Amino acid sequence: MGALPVFRWRLAPDGYATRRQLRALGLRPGGQPVAAQLERPRRRRGPLVAYLYRVDLAVPVRPMTPARRAALDRANRARRTCPKCRRDAGYVIPAALGMCVPCAYPDPHGSEGSTE
């Protein structure tokens, strides 16, 4: 197999799309290999590279089933649940903290601390 065709940024011919562009069209690569790549030159560093797929070989995204939706909800709930206090933080727990912000930085004055 030969080398991939390389196009300059914003100069790819019609019929090619990135994963994001395919998703916006309701498509996915569907197992096809990378068909080409875009390169955007940068100063003092290597170029940014984006992989392109052929739109005509792309397949529709799989529909969201009730079971997939339930699994996604469980996974997102687990990402919001603090392992220390076991409460839903209402946001995704930062990996750097490993727990919700109130558990990571407890208020030394209690919940009745001064706001001044």
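How many disulfides does the count come to? Keep that in mind as you open this predicted model, and let's begin the tour with the cysteines.

**Stop 1: the cysteines**

Select cysteine 82 and show its side chain. Its sulfur lies 3.6 Å from the closest cysteine sulfur, which belongs to cysteine 100, and that is too far for a bond. A disulfide would need the two sulfur atoms within 2.5 Å. Now select cysteine 100, which is in no disulfide either: the nearest cysteine sulfur to it is that of cysteine 103, 3.4 Å away. The answer to the opening question is therefore 0 disulfides.

While these residues are on screen, try a surface view. Are they buried or exposed? Cysteine 82 is buried, with a relative accessible area of 0%. Cysteine 100 counts as buried too, because its relative accessibility is 5%, and the cut-off for buried is under 20%.

**Stop 2: the salt bridges**

Next, look for charged partners. Side chains of opposite charge can pair when their charged atoms come close. This structure holds 2 salt bridges, and you can visit each in turn.

Start by selecting arginine 54 and aspartate 56. Their side chains meet in a salt bridge, with 2.7 Å from N to O. Arginine 54 is partly exposed at 35% relative accessibility, whereas aspartate 56 is exposed, with a relative accessible area of 53%.

Then move to arginine 80 and aspartate 88, whose side chains form a salt bridge at 3.3 Å, N to O. Here arginine 80 is partly exposed, with a relative accessible area of 25%. Aspartate 88 counts as partly exposed as well, at 45% relative accessibility.

**Stop 3: a positive patch**

Which residues form a positive surface patch? Select Arg10, Arg40, Arg42 and Arg45 together, and you have it. To find your bearings, pick out arginine 40, which sits in strand β4, residues 36-42. Arginine 40 is partly exposed, with a relative accessible area of 40%.

**Stop 4: a nonpolar patch**

For a contrast in character, select Tyr91, Val101 and Tyr105. These residues make up a nonpolar patch on the surface, and together they have about 300 Å² of accessible area. Zoom in on tyrosine 105, in the segment after α3, the helix of residues 101-104. Tyrosine 105 is exposed, with a relative accessible area of 58%.

**Stop 5: two loops and two distances**

Now for some loops. Select leucine 57, in the loop between β5 (45-54) and β6 (59-60). Leucine 57 is partly exposed, at a relative accessible area of 43%. Add glycine 98 to your selection and draw a line between the C-alpha atoms: leucine 57 and glycine 98 are 41 residues apart along the chain and separated by 42 Å.

Where is glycine 90? Look in the loop between α2 (66-80) and α3. Glycine 90 counts as exposed, because its relative accessibility is 61%, and exposed means over 50%. To finish, draw one more line, from glycine 90 to arginine 79. The two are 11 residues apart in sequence, and their C-alpha atoms are 9.8 Å apart in space.

Conventions
Residues numbered from 1 in each chain as written. Predicted model: local features only at pLDDT ≥ 70, side-chain atom pairs only at ≥ 80, totals over all residues. Heavy atoms only, no water. Patch = residues over 30% accessible without salt bridge, like charges linked within 9 Å, V, L, I, M, F, W, Y side chains within 5 Å. Areas by Shrake-Rupley, 256 points an atom, 1.4 Å probe, with all protein chains shown as cover. Salt bridge = Lys/Arg side-chain N within 4 Å of Asp/Glu carboxyl O. Lys, Arg positive; Asp, Glu negative; His and termini not counted. Charge placed at Lys NZ, Arg CZ, Asp CG, Glu CD. Helix = DSSP H or I, 4+ residues; strand = E, 2+ residues; numbered from the N terminus. Buried < 20%, exposed > 50% of the residue type's maximum accessible area, 1.4 Å probe, protein only.
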